Amino acid sequence: MARKKRFWSVVCIVFFVACSFGAALAGSEFSNDGNGRKGKYLYRKNCRTCHDGSSAAEISPNTKTQAQWQRTFNTYERLECAEEWQKMDQGDLTDIFTYLYDHAYDSPQPATCG
Amino acid sequence: MKNFKFSQRMNAIVVIAGLLLGLLLGNAPLYAKSQSDLTFEPEDWMFHSLVDVEEVARHVQIPVADDVMIIDARPYKPKYIKGHIPGAVSIPNTTFEDGVERLPEDKDTLLIFYCGGLKCKLSHKAARKAEKLGYSNVRVFAEGFPRWMEVSGHYASVSAEYVAARMAENDVVVVDARPYKPKYVKGHIPGALSVPDTQFDSLSAKLPRKKDFPLIFYCGGLECRLSHKSAKAAIELGYTDVKVFSGGYPEWKAAYGDDPDTTIMVEAGEVEGSIDIAQFQDILENKPESIYLIDVRDADEFAENSLENSINIPVDDLEKQVEDLPDDKPIVFVCPTGARSGESFYMLQDLRPSLKEVYYLEGGLVFTEDGTYEIKPTE
């Protein structure tokens with residue numbers, strides 16, 4: 001009886017942890033419903049200053065696919081310019097993500113000079 | 001001995017005659033050419049001292065020399081305002097007495113009067129009046145304005161009234177030859193195109209493709225050479241209807257003020273920061289001078305085609321110029337997709353939030369081969 005109780009306790013804990021982790025993952029998922037026009041400027045202001053070819057490699061929206069941008073934003077702590085990310089709020093990040101995602105390599109409108 | 005003295009005397013005479021001749025020839029440019037050099041037979045009623053177009057051209061310089069005054073004796077309206085020899089002062093013969101105060105104080109100043117050609121008596125009459133006033137160095141360019149315009153490379157100067165009238169008809173391109181910053185940005189004739197003389201070669205693509213389209217250049221007034229240099233450069237490019245508004249921006253401001261009725265309330269579009277597209281099209285067609293239209297494409301794209309009243313500040317250069325942007329009219333950024341113009345809008349929001357009247361065109365601005373444009377709303 002006690003073993004059975006312990007078993008269900010463990011199951012509950014595992015379920016709770018799994019749910020929390022899932023929720024955390026879901027929370028960090030970026031969506032492209034921000035302001036892409038504003039994102040283009042914020043990208044110039046916050047990203048290109050670091051991704052200047054010396055501190056970090058130069059990038060543009062079409063250097064990655066939409067899935068790659070999604071992964072990049074979910075794991076930005078690993079990036080060379082991670083410190084810059086801390087300075088921006090969630091709204092700015094969403095705007096930048098929207099710009100990059102909407103003009104990614106496999107998007108309907110990959111970034112050009114325009 | 002007697003022969004020797006005679007020969008000495010003859011030598012002296014020859015030397016003196018030579019000196020006198022040399023003196024006369026040396027001073028020749030100061031005086032009228034010999035009447036026999038003229039290409040027409042002077043009439044009895046003509047003034048006694050006549051000059052030809054080459055002589056006049058020698059005295060046409062910007063700024064005008066202190067010791068020369070070229071005087072247009074034709075009526076101010078409509079003749080003088082429509083076209084006159086660059087640097088010429090208007091003293092119509094019919095109102096000569098009213099214009100006397102415009103004559104120079106120094107009575108030895110060279111005065112060259114002209115009017116409408118060999119049949120025109122106005123310049124001759126005015127010249128005689130000037131001589132009666134004591135002016136000692138008076139000439140008449142009898143072939144007048146028609147002959148001036150016949151010479152290849154010559155152009156006419158016009159007055160503010162003429163510029164305004166032509167702009168109202170929308171059948172002329174007025175070009176500001178002053179530096180874009182700070183002069184043009186601080187103030188210019190509404191609707192004027194900025195093609196600084198120093199950048200004429202690189203920006204001449206902004207001029208109309210049709211070489212017979214009328215162009216009027218202006219700069220900072222009677223002392224300013226830039227508009228004259230640009231006019232000559234345009235003529236060399238093949239433009240056939242080139243004029244200079246010599247009085248330039250100072251004369252324009254004196255006549256029409258800094259900012260004639262150009263105020264406008266911009267209607268915002270649906271997207272944040274955007275201008276209502278219907279109103280934008282209306283502004284372009286009817287009141288282009290009411291906004292600062294800034295094309296944020298790269299210079300090479302702008303050179304290919306652009307909206308008539310737009311100025312080019314590529315988005316990559318905008319940050320450096322943000323503080324110099326004027327605040328007396330709404331600013332509207334344009335580009336082919338709304339991407340760079342939108343970016344420019346948010347740049348100003350961030351870097352110069354005090355500028356409240358800033359908008360961008362949210363939509364596609366597409367130029368066609370015939371020079372027209374189309375605005376396509378973003379889908």
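Trainee: Which pattern does chain A follow when I read along its sequence?

Mentor: Chain A reads α-α-α-α-α. That fits the count for this chain, with five helices and zero strands. Keep in mind that you are looking at a predicted model.

Trainee: And how many helices and strands does chain B have?

Mentor: Chain B has 15 helices and 15 strands. One of those helices is H3, which covers residues 76–82, and another is H8, which covers residues 180–186.

Trainee: How do I read burial for a whole chain?

Mentor: Look at the share of residues that count as buried. In chain A, 33% of the 114 residues do. In chain B, 49% of the 379 residues do. You can also look at the surface that remains accessible. Chain A exposes about 7500 Å², and carbon and sulfur atoms supply 57% of that area. For chain B the accessible surface is about 19200 Å², with 53% belonging to carbon and sulfur atoms.

Trainee: What share of the contacts in each chain comes from residues 24 or more positions apart?

Mentor: Here we consider contacts with a separation of 6 or more. Residues 24 or more positions apart make up 71% of these in chain A and 66% in chain B.

Trainee: Could we look at one residue? Is Tyr80(B) buried or exposed?

Mentor: A residue counts as buried under 20% relative accessible area. Tyr80(B) has a relative accessible area of 10%, so Tyr80(B) is buried. This residue lies in helix H3. Leaving out residues up to four places away in sequence, Tyr80(B) touches several others, among them Asp72(B), Arg74(B), Ser157(B) and Ser159(B).

Trainee: How many residues apart along the chain are Tyr80(B) and Phe145(B)?

Mentor: They are 65 residues apart along the chain, and their C-alpha atoms are separated by 10.0 Å. Try the same reading on Val185(B), a residue of helix H8. Val185(B) is buried because its relative accessible area is 10%. Its C-alpha atom is 9.4 Å from that of Tyr292(B), although their positions lie 107 residues apart along the chain as a separation. Tyr292(B) is also among the residues that Val185(B) touches, together with Tyr180(B), Asp324(B) and Pro326(B).

Trainee: Now for salt bridges. What is the general idea?

Mentor: Side chains of opposite charge can pair when their charged atoms come close. A search of this whole structure finds 18 salt bridges over all chains.

Trainee: Which residue pairs with Glu84(A), and how far apart are the N and O atoms?

Mentor: Glu84(A) meets Lys87(A) in a salt bridge, at 3.2 Å from N to O. Glu84(A) is partly exposed, with a relative accessible area of 23%. Lys87(A) counts as exposed because its relative accessibility is 64%.

Trainee: What do salt bridges in chain B look like?

Mentor: Take Lys243(B) and Asp241(B), whose side chains meet at 3.0 Å from N to O. Lys243(B) is buried, with a relative accessible area of 15%, whereas Asp241(B) counts as partly exposed at 21%. Then there is Arg297(B) with Asp295(B), where the closest N and O atoms are 2.8 Å apart. Both Arg297(B) and Asp295(B) are buried.

Trainee: How should I read the interface between the chains?

Mentor: The size of an interface is often given as the accessible area lost when the parts come together. Between chain A and chain B, the buried area is about 1200 Å², and carbon and sulfur atoms give 45% of it. The contact takes 10 residues from chain A and 16 residues from chain B.

Trainee: How many salt bridges cross the interface of chain A and chain B?

Mentor: There are six salt bridges across the interface. By class, the side of chain A that touches chain B has two nonpolar, two polar and six charged residues. The interface also has 10 residue pairs in polar contact.

Trainee: Which residue of chain A meets Glu343(B) in a salt bridge?

Mentor: Lys40(A) does, at 2.6 Å from N to O. Follow the links further and you find a network of salt bridges that joins Lys40(A), Arg44(A), Arg48(A), Asp316(B) and Glu343(B).

Key: Residues are numbered from 1 along each chain as its sequence is written. Chains are lettered from A and ligands numbered from 1 in the order in which they are written. This is a predicted model: local features need pLDDT of at least 70, side-chain atom pairs count only at pLDDT 80 or more; totals for chains, interfaces and linings use all residues. Side-chain values use heavy atoms; hydrogens and water are left out. Helices (H or I, at least four residues) and strands (E, at least two) are DSSP runs, numbered from the N terminus. Buried means under 20% relative accessible area, exposed over 50%, partly exposed in between (1.4 Å probe, protein chains only). Contact means heavy atoms within 4.5 Å. Accessible areas come from the Shrake-Rupley method with a 1.4 Å probe; for residues, only the protein chains shown count as cover. Buried area is the accessible area (1.4 Å probe) that two parts lose on being put together, summed over both. A salt bridge is a side-chain nitrogen of Lys or Arg within 4 Å of a carboxyl oxygen of Asp or Glu. A polar contact is a pair of N or O atoms within 3.5 Å; within protein, one must be able to donate a hydrogen and the other to accept it, and residues adjacent in sequence count only if both atoms are side-chain atoms. Ala, Val, Leu, Ile, Met, Phe, Trp, Tyr, Cys and Pro count as nonpolar, Asp, Glu, Lys and Arg as charged, and the others, Gly among them, as polar.
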